[in-house]
Amino acid sequence: MLWTIVLAIIVLVFVVVRSSTRDTVEVRVAPVTRQNLTISVATNGKVEPIDEFQAYAPAAGVVAKLYVQVLQKVRVGDLLLKMDDSDAVAKLASAQATLRTAEATLHDLEQGGSQEEQLTLTGDLNRARLQQQNATKNLAALKLLQQKGAASASEVAAAEQQLEASNTSVQNLDKRSTQRYSSADKARVEAQVADARASLAAAESTYGAYNIRTPKAGTVYSIPVEPYDFVKASDPLISVADLNKIQIHAYFDEPEIGKLAVGQAVKITWDAKPTQTWHGHISIAPTSVITYGTRNVGECIITVDDARGDLLPNTNVIVTVTTAQRFNALSIPREALHTEAGNFVYRVIDGKLVRTPVQPGLVNLTRAEITTGLTEKDTVAVNAINNRELSNGMPVKIVD
């Protein structure tokens with residue numbers, strides 16, 4: 001009997017002690033406050049100019065001289081770079097000579113021949129006309145003598161043949177002076193002139209390409225070559241752009257592209273300048289899903305609104321798109337919101353936990369908006385210490 005009484009007392013003491021300690025839990029609490037909440041999506045992006053000029057080597061050759069440096073401001077028409085153009089100069093001279101020859105040939109054709117040929121033809125025509133006049137006079141004289149019986153018929157016939165030959169010679173020389181070349185001859189020479197002019201234009205273009213000038217005002221942001229470097233045809237030589245007008249090419253993973261829309265605000269950071277941030281907006285939202293490496297992504301174009309020439313093209317940046325936001329929203333720490341059996345929180349009232357149903361709104365990584373169920377005067381339990389489970393009506397001890 002004595003041992004039974006002692007054992008009962010021990011059990012009773014244990015139950016009292018156990019019940020008095022297990023129902024009390026240490027928790028951290030947080031007040032319900034109003035804050036600005038945002039939901040954002042981040043990814044990597046590459047900066048690129050909106051409007052730029054990129055020069056490429058017109059042919060294989062050597063870089064002769066550079067006239068600018070990286071980050072130098074340039075105006076329209078400024079000379080940027082010169083390549084060794086000796087071959088282009090030779091081709092230009094040859095094309096000019098060919099054109100002059102063709103134009104001279106066309107001029108001679110339109111004038112009926114060269115000056116020397118015209119002088120020779122004029123001399124021949126004058127002699128033929130003189131012979132024609134003499135033959136005409138000789139025939140007239142023989143006809144008078146024939147009437148008097150002093151000239152025979154054969155002499156008159158010979159004079160007539162001489163006159164006819166003189167007339168034919170004059171007619172032929174006249175045609176040579178006015179109709180020496182046919183329309184086919186003229187068309188052939190005109191085609192030669194047109195071809196020579198096209199060749200000259202191509203040679204001038206090639207020569208101009210060896211002396212590279214910028215058609216746009218802006219900043220030189222890339223010079224991948226040095227003087228005396230040998231470059232192949234189409235190798236990049238120099239790039240110019242207005243660095244105040246830039247955009248970012250970014251790729252977002254497939255689950256996130258449904259949250260993106262034109263006009264959404266974007267924050268831009270660059271590891272090379274960690275203390276600076278830039279701002280922009282989505283100008284072209286993803287319209288399809290593509291494969292990018294091992295990822296299924298949506299392609300997005302972001303316009304930078306406050307570029308000041310300090311965000312260089314081809315740099316890799318981090319873009320953070322704000323997909324949703326609430327201003328002055330009633331909110332609690334996200335850990336305080338329970339969703340395992342409906343949405344609820346544990347309010348702390350008179351040292352005890354009171355389970356309270358709530359309606360959450362915007363929820364981000366750290367905060368949850370509460371639209372109904374709480375007021376700014378409430379305090380909620382954030383989490384239990386030592387992973388002890390919370391329950392309704394449980395006494396609590398508040399810790400920092």
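Trainee: What makes β12 and β13 count as paired strands?
Mentor: This is a predicted model, and in it β12 and strand β13 (residues 273–284) share six bridges in the antiparallel sense. Pairing needs at least two bridges, so with six bridges these two strands qualify.

Trainee: And where does W270 come in?
Mentor: W270 stands opposite K273 in β13. The link between β12 and β13 is a hairpin of two residues.

Trainee: How do you know that β12 pairs with β16 too?
Mentor: Count the bridges again. Four of them join β12 to strand β16 (residues 316–333), running antiparallel. At least two are required, so β12 and β16 are paired as well. One contact to look for is K267, whose bridge partner in β16 is T320.

Trainee: What do the side chains do along β12?
Mentor: They alternate along residues 265–270. V266, I268 and W270 point to one face and are buried, while A265, K267 and T269 point to the other face and are not buried. Buried means under 20% relative accessible area. As a rule, side chains in a regular strand alternate between the two faces of the sheet.

Trainee: Why are β3 and β5 called edge strands?
Mentor: Start with the order, β3-β10-β8-β5, in an open sheet of four strands with antiparallel pairing. β3 (52–56) and β5 (73–74) each have a single partner strand, so one side of each is left without a neighbour in the sheet.

Trainee: How do you know that β3 really pairs with β10?
Mentor: Five bridges join β3 to strand β10 (residues 236–241), and the two run antiparallel. The cut-off is at least two bridges, so they pair. Within that pairing, F53 stands opposite V240 in β10.

Trainee: Why is I5 called partly exposed?
Mentor: I5 has 44% relative accessibility. Buried is under 20% and exposed is over 50%, so I5 falls in between and counts as partly exposed.

Trainee: What makes I5 eligible for a surface patch?
Mentor: Patch residues need over 30% relative accessible area, and I5 has 44%. Together with M1, I9 and V13, I5 makes a nonpolar surface patch of about 440 Å². I5 itself lies in helix α1 (residues 2–22).

Trainee: Why does N134 get the label "partly exposed"?
Mentor: N134, in helix α3 (residues 115–147), has a relative accessible area of 43%. That is between the 20% and 50% limits, so partly exposed is the right call.

Trainee: How far apart are N134 and L79?
Mentor: They are 55 residues apart in sequence and 74 Å apart in space, C-alpha to C-alpha.

Methods: Residues are numbered from 1 along each chain as its sequence is written. This is a predicted model: local features need pLDDT of at least 70, side-chain atom pairs count only at pLDDT 80 or more; totals for chains, interfaces and linings use all residues. Side-chain values use heavy atoms; hydrogens and water are left out. Patches are made of residues with over 30% relative accessible area and no salt bridge: like charges are joined within 9 Å, nonpolar side chains (Val, Leu, Ile, Met, Phe, Trp, Tyr) within 5 Å. Accessible areas come from the Shrake-Rupley method with a 1.4 Å probe; for residues, only the protein chains shown count as cover. A salt bridge is a side-chain nitrogen of Lys or Arg within 4 Å of a carboxyl oxygen of Asp or Glu. Buried means under 20% relative accessible area, exposed over 50%, partly exposed in between (1.4 Å probe, protein chains only).
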